[in-house]
Amino acid sequence: MTYSIFVSHGWHDRWVARQMARSISDAGGAPFIDIFDIKKGDRIEERVRTGIEHCAELVALLTPWSVGRNWVWTEVAAAWALKKRFVGVTYGVTIEEIERNHGGMACLGPTNVVALDDFDAYIRELAERIHSGDRE
């Protein structure tokens, strides 16, 4: 069974998001990322909704550019509402700055946020979940 991880990010961060997707794939996961999985002519909102519905978890790249993007927060909120595992990956912004400057963290908290410098730790945990069959 495929273990899909939805990679949420802002357009300006697509290079970093691609590297994250590559690490997820190397760990045995199947990344869903718009730049690979949404084709010309697809209804973006439908592909995003389906991607989140079918993913095991969501990883959101939170940067100074992406935290102002409605789609990123919509995707995080959808994962939260569907009781999916989700992790925010910060780069160039802290959760305290998100709280102070962007109206709050909503469903994000210290237990589900990791700095990009520590993304490898997330990948190790992800690989353990994938290989153990743990879907929680």
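Reader: Before we start, when do two strands count as paired, in terms of bridges?
Author: This model is predicted. DSSP has to find bridges between the two strands. For a pair, the number needed is at least two.

Reader: Which residue in β4 stands opposite Val59?
Author: Start with the two strands. β3 covers residues 57-62 and β4 covers residues 85-90. They run parallel, joined by six bridges. Opposite Val59 stands Val87.

Reader: What is the bridge partner of Leu61 in β4?
Author: Leu61 falls within residues 57-62, the β3 stretch. Its bridge partner in β4 is Val89.

Reader: In what order do the five strands of the sheet lie?
Author: The sheet is open, and its pairing is parallel. β2 (30-32) and β5 (113-115) are the edge strands, each pairing on one side only. From one strand to the next, the twist averages 25°. The order is β2-β1-β3-β4-β5.

Reader: Which residue of β5 is the bridge partner of Gly88?
Author: β4 also runs parallel to β5, and three bridges join them. Gly88 lies in the β4 range, residues 85-90. Its bridge partner in β5 is Val113.

Reader: Why is β4 largely enclosed by the rest of the structure?
Author: Buried means under 20% relative accessible area. β4 has six residues, and it is largely enclosed because the number of them that are buried is five.

Reader: Which helix packs on the sheet and touches β1, β3, β4 and β5?
Author: Another helix, α4 (residues 70-81), makes a right-handed β-α-β unit with β3 and β4. The helix asked for covers residues 119-132, and its direction makes about 175° with that of β3. It is α6.

Notes. Residues are numbered from 1 along each chain as its sequence is written. This is a predicted model: local features need pLDDT of at least 70, side-chain atom pairs count only at pLDDT 80 or more; totals for chains, interfaces and linings use all residues. Side-chain values use heavy atoms; hydrogens and water are left out. Helices (H or I, at least four residues) and strands (E, at least two) are DSSP runs, numbered from the N terminus. Axes are lines fitted to C-alpha atoms, for helices over the stretch in contact, and angles run from 0 to 180 degrees between N-to-C directions. Contact means heavy atoms within 4.5 Å. Buried means under 20% relative accessible area, exposed over 50%, partly exposed in between (1.4 Å probe, protein chains only). A crossover is right-handed if, with the strands pointing away from the viewer, the path from the first strand over the helix to the second runs clockwise.
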